[in-house]
Amino acid sequence: GIVCLGAFVSGLLLLRNGVTKKNFSQLEKGMTRTEVEGIFGRQGEILGSLKGKDIRCWQANDGSLVNICFLNDCIAEMKWNDSHEPILGTIRHWLR
């Protein structure tokens with residue numbers, strides 16, 4: 001009984017959390033990294049840090065990428081990149 005309940009609750013959390021365009025639309029500038037990780041359900045991959053900026057990336061199941069630039073651990077800039085869009089230009093712009 002308890003094991004089944006735990007599996008059910010875990011399944012519900014996986015449906016609610018995740019890297020999706022719907023969850024991305026909930027993000028706002030100024031949100032903390034912890035809040036973002038709560039929405040996406042996991043930590044992002046660190047792409048780089050420069051001049052107090054921390055850039056992290058999350059990948060969706062369809063190959064799309066979310067890139068977020070944090071300043072003082074809060075969202076400064078963010079971008080959803082469909083699986084066919086290049087991300088290097090966005091990252092270069094943020095690191096200037």
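Both Trp58 and Phe70 are buried. I start with these two residues, and I should say at once that this is a predicted model.

Trp58 and Phe70 form an aromatic pair of the edge-to-face kind, with 6.4 Å centre to centre and 65 degrees between the planes. Trp58 lies in strand S2 and Phe70 in strand S3, so the pair ties together parts that are 12 residues apart in sequence. Phe40 joins them: Phe40, Trp58 and Phe70 form one aromatic cluster.

What else does Trp58 contact, leaving aside its neighbours within four places in sequence? The list includes Val19, Val36, Glu37, Phe40 and Arg42. Also among the contacts of Trp58 are Leu65, Val66, Ile68 and Phe70.

Several of those names come back in the core. The largest nonpolar core has 14 residues, and those with the most contacts inside it are Leu27, Val36, Phe40, Trp58, Val66 and Ile68. Which elements give two or more residues to this core? They are H3, S3 and S4. As background, nonpolar side chains in soluble globular proteins tend to be buried together.

Next, the sheet. It is an open sheet of 4 strands in the order S1-S2-S3-S4, and the pairing is antiparallel. The edge strands, each pairing on one side only, are S1, residues 45–50, and S4. On average, neighbouring strands of this sheet are turned by 20 degrees against each other, direction ignored.

I will go through the sheet pair by pair. S1 and S2 run antiparallel and are joined by 5 bridges. Within this pairing, Leu50 stands opposite Lys53 in S2, and the bridge partner of Ser49 is Asp54, also in S2. The two strands form a hairpin with 2 residues between them, and Lys51 in the turn has a positive phi of about 55 degrees.

S2 and S3 are also antiparallel, with 7 bridges joining them. Here Arg56 stands opposite Ile68 in S3. The hairpin of S2 and S3 has 5 residues between the strands, and in it Gly63 takes a positive phi near 95 degrees.

For S3 and S4 the count is 7 bridges, and the strands again run antiparallel. Cys69 stands opposite Glu77 in S4. This hairpin has 2 residues between its strands, with a positive phi of about 55 degrees at Asn72 in the turn.

Is strand S2 largely enclosed or largely open? In S2, 6 of the 7 residues are buried, so the strand is largely enclosed by the rest of the structure.

Now helix H3, residues 33–40. Its buried residues are Arg33, Val36, Glu37, Ile39 and Phe40. Seen down the axis of H3, these buried residues fall within an arc of 160 degrees, so they line one face of the helix. The general point behind this is that an α-helix has 3.6 residues a turn, so residues three or four places apart point the same way.

What do the buried residues of H3 pack against? Their partners are helix H2 (21–24), strand S2 (53–59), strand S3 (65–71) and strand S4 (74–81). Just after H3 comes Gly41, which takes a positive phi of about 85 degrees.

Back to the aromatic residues for a moment. The structure holds 3 aromatic pairs. One of them is formed by Phe24 and Trp80, and this pair is tilted: 5.8 Å centre to centre and 55 degrees between the planes. Phe24 lies in helix H2 and Trp80 in strand S4, so this pair ties together parts that are 56 residues apart in sequence. Phe24 and Trp80 are each buried.

The last residue on my list is Asp73, which lies in the loop between S3 and S4. Is Asp73 buried, exposed or partly exposed? Its relative accessibility is 34%, so Asp73 counts as partly exposed. Not counting residues up to four places away in sequence, Asp73 touches Met31, Thr32 and Arg33. Arg33 is also one of the buried residues of H3. The C-alpha atoms of Asp73 and Lys53 are separated by 8.5 Å, and these two residues are 20 residues apart along the chain. Lys53, as I said, is the residue in S2 that stands opposite Leu50.

To close, I return to the start: Trp58 is in the aromatic cluster with Phe40 and Phe70, and Trp58 and Phe40 are among the residues with the most contacts inside the largest nonpolar core.

Notes
Residues are numbered from 1 along each chain as its sequence is written. This is a predicted model: local features need pLDDT of at least 70, side-chain atom pairs count only at pLDDT 80 or more; totals for chains, interfaces and linings use all residues. Side-chain values use heavy atoms; hydrogens and water are left out. Buried means under 20% relative accessible area, exposed over 50%, partly exposed in between (1.4 Å probe, protein chains only). The arc is that of the directions from the helix axis to the C-beta atoms. Contact means heavy atoms within 4.5 Å. A nonpolar core is a set of buried Ala, Val, Leu, Ile, Met, Phe, Trp, Tyr and Cys residues joined through side-chain atoms within 4.5 Å. Two strands pair if DSSP finds at least two bridges between them. Axes are lines fitted to C-alpha atoms, for helices over the stretch in contact, and angles run from 0 to 180 degrees between N-to-C directions. Rings of Phe, Tyr and Trp (its six-membered ring) pair if their centres lie within 6.5 Å; planes under 30 degrees apart count as stacked, over 60 as edge-to-face and the rest as tilted.
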